[in-house]
Amino acid sequence: MTKRWIVACLLALALSVFTSWVPAYAQAVYGSILGTVTDPQGAAVSGAKVTVTNQRKGTADTTTTNDSGNYSVTHLVPDIYTVRVEASSFKTAEQKD
């Protein structure tokens with residue numbers, strides 16, 4: 001009986017040590033807004049200023065479109081945002097909510 005008890009304890013100890021090596025990953029609560037800015041003919045607009053504003057907090061993140069007209073704003077907390085795009089020779093565009 002003592003031998004079985006020792007073996008059971010050793011197995012339980014080995015199992016607890018082995019399972020503690022499994023990495024635990026945290027969950028992220030961030031989102032992203034990304035898109036492409038194009039002109040009415042569908043050509044990419046590079047160098048456009050894109051401002052993403054949190055409507056509730058009033059905080060803003062600004063970025064610029066790349067040569068393909070793409071932009072990305074990351075690490076945003078879940079909320080309601082406004083996206084505003086400004087480029088020379090174009091009207092300002094704004095999308096709420």
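The following paragraphs describe the charged pairs and a nonpolar surface patch in this structure, which is a predicted model.

Side chains of opposite charge can pair when their charged atoms come close. The structure contains 3 salt bridges. One of them joins Asp-79 to Arg-56, with 3.1 Å between the closest N and O atoms. Asp-79 belongs to the loop between β4 (70-76) and β5 (81-86), while Arg-56 belongs to the loop between β2 (49-54) and β3 (60-64), so this pair ties together parts that are 23 residues apart in sequence. Arg-56 has a relative accessible area of 62% and is therefore exposed, since the cut-off for that class is over 50%. Asp-79, at 27%, is partly exposed.

Attention may now turn to a group of linked charges. Arg-84, Glu-86 and Glu-94 are connected in a network of salt bridges. Within this network, Arg-84 pairs with Glu-94, the closest N and O atoms being 3.0 Å apart. Arg-84 is located in strand β5 and Glu-94 in strand β6 (residues 93-95), so the pair ties together parts that are 10 residues apart in sequence. Arg-84 also forms a salt bridge with Glu-86, where the closest N and O atoms are 3.8 Å apart. Each member of the network is partly exposed: the relative accessible area is 32% for Arg-84, 28% for Glu-86 and 42% for Glu-94.

The surface also carries a nonpolar patch, formed by Trp-5, Ile-6 and Leu-10, whose accessible area together is about 360 Å². Leu-10 is situated in helix α1 (residues 2-19). With a relative accessible area of 53%, Leu-10 is exposed.

Conventions
Residues numbered from 1 in each chain as written. Predicted model: local features only at pLDDT ≥ 70, side-chain atom pairs only at ≥ 80, totals over all residues. Heavy atoms only, no water. Patch = residues over 30% accessible without salt bridge, like charges linked within 9 Å, V, L, I, M, F, W, Y side chains within 5 Å. Areas by Shrake-Rupley, 256 points an atom, 1.4 Å probe, with all protein chains shown as cover. Salt bridge = Lys/Arg side-chain N within 4 Å of Asp/Glu carboxyl O. Helix = DSSP H or I, 4+ residues; strand = E, 2+ residues; numbered from the N terminus. Buried < 20%, exposed > 50% of the residue type's maximum accessible area, 1.4 Å probe, protein only.
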